[in-house]
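This report walks through one protein chain for a reader who has not met it before. The sequence and the structure come first, and the notes follow under short headings.

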Amino acid sequence: MAAHEAAASYTSPLVHADAHDTQPAGPPGIVPQVAVHGSAPSAVSRAAEIMELKQPAQVIGVQESTPVAWRNDGSALAYVSGNHSIFILHPDSSPAGAMQVARVLNGHDSPVRALVFHPTDPDVLVSGGADGIFVWSLRAGRPTKVIRSEANVSAEFPAHESDVEVLVFAFKNNLISGSKDCNIKVWDADRGYTLLETITGHKAAVLSLKVHERTQRLASAGRDSGIKVWDISTLAPEWRARRADDRGIQCQLMGNLDGHRGDVVTLTWRPDGTGLFSGARDNTWRMWHVPTYSEVRVVEDASKGMDGSHRGDVRRIVGLPGGRTAVTASLDGNVMLWELDPEDGSNSLVSAAMASSEQLADAGSPGGAVAASAAGAAGAGPSAGGDAAAADDGATSISGGGGAGAWDSGTAAILEQIMGGDTAGGDAAAAVVASASDRILGQTQLVSPAVGIFHMELCPANMRIAISTTANTVIIYQFNPTAAGLLGYDPRDPSAERTHRLILPRLQAFHGHSHTVHEVELLGAGTDDRLVATCSADNTVAVYDAATTARLMSLDFTASALCLALARTRDAGPLLMVGGSDYVIRAYCADHERHAAHERQLASGLRSAQSAVPPSAFEAARYEGHSGRVLTLAVHSNGTMMASGASDFTVMLWDLTKPKPVLPTPGGPARTGTPVGRPLARVDAHMGLTLSLAFCDAAFNGGDMLASGGNDHAVKVWQVTSGTLGGKTLTEKWTGRDDGDDVRGGHRGPGSLAAVGPQPHRAAVSAVRWGHGPSAGLVFTAGWDHVISVWDANSASGSATRLPLASRQLHSARITDMDVSSNGAFVVTVSADFTARQWTATKDLRAVARFPCSALDGGMTSVAAGYRRFFCASDNGQIRVFPLYSPEDKAAAASFTSAVDTAQLAEAEGAAGMPTAAGAGKRSTGADGSVHATNPAAGHSTAAAASAAGAFST
């Protein structure tokens, strides 16, 4: 909708005027509703009232390398969205139990690195990141405690000095955090998460923490490549009274485990506490004997040579039932199922039930308690039935037994048949068999090595695995608790082919763009505003479901996708027309179900699973003719004609019926090639770049009409007529341009428009849209001069140059895009001032609502307005969804509040000839004639924005 990327090459850098300024209490740019120039609200102040909504109703997007966390009972999954909000997902009521976003937690303004649910309180989630530790109440939807990371730590402010990287609970009432400041901190959950102790010893960032409660040990590891084991028995509940009396009681370092040659990123305890597994960035995972603090071995399948180990960071290790199996996940994109050599005397990776504090021997000292509990653990493995979903180490481990997520009774025996052992009963010694090599039983490539698996968590209760990747994705898989389900064959059948595959059916995925979203476009018609298409600088085109945030379709554009438009063609159905940095316009099927069927058909015909379907296979047609980046597209409502503007300074018209777009039919004959279209007409529309194009829905004045806006400050309306030999001609009907006859004075300050009157744009015109329905016959424009204007396209005036009917300037920075709602009642603008605004689609352009966002949410790049909501794309890859304000929609209107808009107040005061509420003398004229207006409520000066606007001229 706005070719902002290309146009930026003709401007000074984007000015974020209020990104770092001090703000008063309350939202930025809003003045409290108190009397202005008197004890009662004046007519001027009432005129400045506006509805406001601060938080979006939905956010589509995923933080890169987001942490993921399951609640113990599987009733909730947490991950982080693109704007650092935390999504809490609950299973729906369907038999499949699909996860749906139930709550969004807003508070973090920096990347979140760690998430953990409280082990016993389902209302509590703790998150950590660059801005500290947040303890959340899920019922209230807000943090009950925030421990901000501080540069200067003191007794009064005992927070971490840097990013929090890992969080884990111990003994239910202790939160333990690890940070880039090399420290481990223990927080007392029973006393409002006050600091209990700081544990020092690491020489670099702490990246992994795992607690073994039975032996009262904490393992820690990080970027110094070392693993440390600590005695944390004094954190147990029975030691709290003694700790309060004696501050000298602290956790003690028991030993070091050295051997990795890279950052150690994951740890997993054995249930008896005598062994530990670690994964690192040296692409290995290792087994350690804790009592002697020695390395047992590097776990690898020697029989497979180079393929016998991971080829990327080993990010996660999870133990399975049966005693000698484990699952690992890596940044190489692989998940592997392992049989472990029992030569070291270990008989189990699976978690056993926690010993209660009453059962732990208390010898009067931390060491005595540890020794007693370790001795008890060594002689007793898991009980006969096992306890489902026991979690002794903060890791995700599975035990046998009953419960919703329990493994079937024969699974352990079946797995042992694969491995040739027997763990149906007996003690640790009975499980020791003759020396055998570690081996890979099965593996699967879940994602490509280019994106990798960054986090993986397995939930015992629902047997689902959630992974996150470096490519802004969270994916949920089913972990089938049978050997046949995992490996794809019955191991009891000697004739079955051993495929060495690991089968993990994919259930759901949540995706976000990894770079700027250049344009967003609604796919529905009328009141249907659920599906939305996006194109991005990450070279992808996607279709999302706004209700579930699920990505329904993704296309590899092979270049930066800069603009898109929906074409409702008669023969090929709905098509997505996409233009980009490779000068080509491509047409794709916009029906995600048909696309999915086509994708399955093409994938089934590949010679190997490692092959990929070429991106060109999904093209219905392509249109070639531009010699520069395609910046804007518009499609006629009848689906027969398309207009495009590019950085070659031309506007072209295209016939969408010749050649006819061809979509391969699933099961039908293969295509012989992609149809290629050529332009019907070409015109040098503007003295510079054409930044926006829009067709009128209905023909009037004898033909089809096209509006254009450019960085020459001009708005133009063209008539499309048929030419010879089936061609088309574009004839300019009228222009709205600053020809030098208007009032000069540089950048206009707030309120100046009321005095000066409607004027042409004084900077690049970033968006043009036609009204429809109740606003038919009107043209709406927005520009980098911060102004939105409305024009009468049906004016009887024969003048080639026109003035707008009205102009409004409430934005404090350039307007990047604009759209008219599907019912034609409202206009929505988005701006570099991090604000979206809703206006009436009328000749007087009344302001209706304001949607302020933080600079940390990303700059707004594009907007698509539907019937009840609008979608706002951002330069950080996320899409925010806001409801349109309408008093008739009482449910949506209830989330809005009434406030006084500073910009409207200044405009109203200027119209009334009054000093501005900001105070007399607060506005001055610079040496260049520009107006400098300081706004105390917003906490910034518009001088910088004025300077930037002046650079937008060509």
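## A buried phenylalanine in a loop

Phe834 counts as buried, because its relative accessibility is 1%, under the 20% limit for that class. This and every other value here come from a predicted model. Phe834 belongs to the loop that lies between β54 (826–831) and β55 (835–840). Its phi is positive, near 65°, in a residue other than glycine.

## The chain as a whole

The protein chain has 954 residues, and 58% of them are buried. It contains 11 helices and 63 strands. The surface that the chain exposes comes to about 35,400 Å², of which carbon and sulfur atoms supply 50%.

Contacts can also be sorted by how far apart their residues lie in the sequence. Of the contacts between residues at least 6 apart, 56% join residues at least 24 apart.

## Annotated repeats

An unreviewed UniProt entry carries the annotation "repeat: WD" for several stretches of the chain. Residues 105–146, 157–197, 199–234, 257–298 and 307–348 are among them, and so are 623–664, 683–723 and 758–801.

The stretch 199–234 can be described from the model itself. Strand makes up 53% of it and helix 0%. The C-alpha atoms at its two ends are 13 Å apart.

## A four-stranded open sheet

How are the strands ordered in the open sheet that four of them form? The order is β28-β29-β30-β31, and the pairing is antiparallel. The edges are taken by β28 (453–459) and β31 (506–511); each has a single partner strand, so one side of each has no neighbour in the sheet. From one strand to the next, the twist averages 15°.

Within this sheet, β30 (residues 473–478) and β31 run antiparallel and are joined by five bridges. One residue pair across this pairing is Thr473 and His511, the latter in β31, which stand opposite each other. In general, the strands of a sheet pair through backbone hydrogen bonds, in either a parallel or an antiparallel way.

## Two hairpins around β58

Strand β58 (residues 869–874) has six residues, five of which are buried, so the rest of the structure largely encloses this strand. It takes part in two hairpins, described in turn below.

Strand β57 (residues 860–865) pairs with β58 in the antiparallel sense, over five bridges. Three residues connect the two strands in a hairpin. Ala864 has Phe871 in β58 as its bridge partner.

On the other pairing, β58 and strand β59 (residues 879–883) also run antiparallel, joined by five bridges. Phe870 has Phe882 in β59 as its bridge partner. Four residues lie between β58 and β59 in their hairpin, and Gly877 in the turn has a positive phi of about 95°.

## Backbone details in other loops

Which residue has a positive phi of about 80° although it is not a glycine? This is Cys182, placed in the loop between β13 (174–179) and β14 (184–188).

A cis peptide bond is found between Lys658 and Pro659, with omega at about -5°. Pro659 sits in the loop that runs between β42 (651–655) and β43 (676–677).

## Cysteines

A disulfide is a covalent bond between the sulfur atoms of two cysteines. How many disulfides does the model contain? The count is zero, where a pair of cysteine sulfur atoms would have to lie within 2.5 Å to qualify. Cys535 is in no disulfide, and its nearest cysteine sulfur, that of Cys563, is 6.5 Å away.

Is Cys535 buried or exposed? Cys535 is buried, because its relative accessible area is 0%. Cys251 is buried as well, with a relative accessible area of 7%.

## A histidine in helix α7

His595 is located in helix α7 (residues 592–604). Its relative accessibility is 5%, so His595 counts as buried.

Which residues does His595 touch, leaving aside those up to four places away in sequence? The contacts are with Met553, Ser554, Leu555, Cys589 and Phe618.

Terms used: Residues are numbered from 1 along each chain as its sequence is written. This is a predicted model: local features need pLDDT of at least 70, side-chain atom pairs count only at pLDDT 80 or more; totals for chains, interfaces and linings use all residues. Side-chain values use heavy atoms; hydrogens and water are left out. Buried means under 20% relative accessible area, exposed over 50%, partly exposed in between (1.4 Å probe, protein chains only). Contact means heavy atoms within 4.5 Å. Accessible areas come from the Shrake-Rupley method with a 1.4 Å probe; for residues, only the protein chains shown count as cover. UniProt positions are given in the numbering used here, feature names are shortened, and annotations may be inferred rather than shown by experiment. Two strands pair if DSSP finds at least two bridges between them. Axes are lines fitted to C-alpha atoms, for helices over the stretch in contact, and angles run from 0 to 180 degrees between N-to-C directions.
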